[in-house]
Amino acid sequence: MGTPNDQAVLQAIFNPDTPFGDIVGLDLGEEAEKEEQEEDEVFPQAQLEQSKALELQGVMAAEAGDLSTALERFGQAICLLPERASAYNNRAQARRLQGDVAGALEDLERAVELSGGRGRAARQSFVQRGLLARLQGRDDDARRDFERAARLGSPFARRQLVLLNPYAALCNRMLADMMGQLRRPRDSR
């Protein structure tokens with residue numbers, strides 16, 4: 001299997017678009033679940049369960065294309081626990097899908113504030129805010145948010161940082177081309 005360093009080197013060679021050190025298949029699920037539990041410990045259990053149920057209904061509605069119901073459910077979750085960042089993150093996503101970028105950014109700012117810039121909620125907020133900045137052509141703002149999300153453990157944010165770095169992208173492309181040539185040698189006719 002090799003050491004983690006060996007795996008990272010092979011990952012960089014065979015998947016040059018990922019940042020060095022990212023290992024495909026690395027499961028952060030348990031860590032993220034523990035993080036979310038710690039973030040939620042401060043809320044009364046009954047209200048927390050109801051809020052999570054409303055968020056789940058909102059996510060399901062959004063996935064079904066019913067953004068108005070999704071926004072309603074996320075709003076209800078926020079009214080129930082206005083100091084919990086998760087519902088703001090979810091509502092920001094629904095607002096963005098609806099074309100309300102200003103509203104999405106407002107919710108993301110609130111989620112960052114509530115999370116104190118730490119944990120899963122902050123990581124998600126920084127990623128979403130970075131994506132919105134990138135879509136608006138504000139690459140410096142996007143880079144700052146992706147850097148913060150990457151420091152909080154987001155592999156997606158690290159990949160976005162590579163894409164925003166023209167030198168890294170050029171090096172990765174050259175490495176990919178070289179590896180492609182090694183995999184399929186030219187005919188020696």
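**Entry 1: the annotated stretch.** I began with residues 51-84, where the chain is 79% helix and 0% strand and the end C-alpha atoms lie 9 Å apart. The UniProt record, in an unreviewed entry, places the feature "repeat: TPR" at residues 51-84. I note here that I am reading a predicted model.

**Entry 2: the fold as a whole.** I then looked up the secondary structure of the protein and found 10 helices and 0 strands, so that, by the DSSP runs used here, the order along the sequence reads α-α-α-α-α-α-α-α-α-α. Of the 189 residues of the protein, 38% count as buried.

**Entry 3: the largest pocket.** Next I asked how much space lies in the largest pocket, and the value came out at about 620 Å³. Its lining is made of 28 residues, and I noted that E55, S86, N89, N90 and Q124 lie nearest the centre of the pocket. Which helices supply at least two residues of this lining? They are α2 (29-40), α3 (45-63), α5 (85-98), α6 (101-115) and α7 (119-135). The largest share comes from α5, which gives 7 residues to the lining. Sorting the lining residues by character, I obtained 11 nonpolar, 7 polar and 10 charged.

**Entry 4: two pairs apart in sequence.** I looked up E38, which lies in helix α2, and checked its exposure: E38 is partly exposed, because its relative accessible area is 44%, and partly exposed covers what falls between the 20% and 50% cut-offs. E38 and G119 are separated by 81 residues in sequence, yet their C-alpha atoms are 9.1 Å apart in space.

I did the same for R96, found in helix α5, where the relative accessible area of 28% is why R96 is classed as partly exposed. Between R96 and Q128 there is a separation of 32 residues in sequence, and the C-alpha to C-alpha distance is 9.5 Å.

**Entry 5: helix α8.** I turned to helix α8, residues 139-151, whose 13 residues reach 18 Å from the first C-alpha to the last, close to the 18 Å expected at 1.5 Å a residue. Which residues of α8 are buried? I listed A142, D145, F146, A149 and A150 as the buried residues of α8. These residues cover an arc of only 140° around the axis, and therefore they sit on the same side of α8. An α-helix has 3.6 residues a turn, so residues three or four places apart point the same way. On the face of α8 turned away from its buried side I found the exposed residues D140 and R151.

**Entry 6: what I keep from this session.** For the pocket, I keep the value of about 620 Å³ together with the 7 lining residues from α5. For α8, I keep the buried set that includes F146 and, on the face turned away from the buried side, the exposed D140 and R151.

Terms used. Residues numbered from 1 in each chain as written. Predicted model: local features only at pLDDT ≥ 70, side-chain atom pairs only at ≥ 80, totals over all residues. Heavy atoms only, no water. UniProt positions renumbered as here; feature names shortened; annotations may be inferred. Helix = DSSP H or I, 4+ residues; strand = E, 2+ residues; numbered from the N terminus. 1 Å grid on protein atoms, 1.4 Å probe; cavity = no way out; pocket = protein on both sides within 12 Å on 5 of 7 lines; lining within 4 Å. Points joined across faces, edges and corners; volume = space filled by probe spheres on them. Nonpolar A, V, L, I, M, F, W, Y, C, P; charged D, E, K, R; others polar. Expected span 1.5 Å × (residues − 1). Buried < 20%, exposed > 50% of the residue type's maximum accessible area, 1.4 Å probe, protein only. Arc of directions from axis to C-beta.
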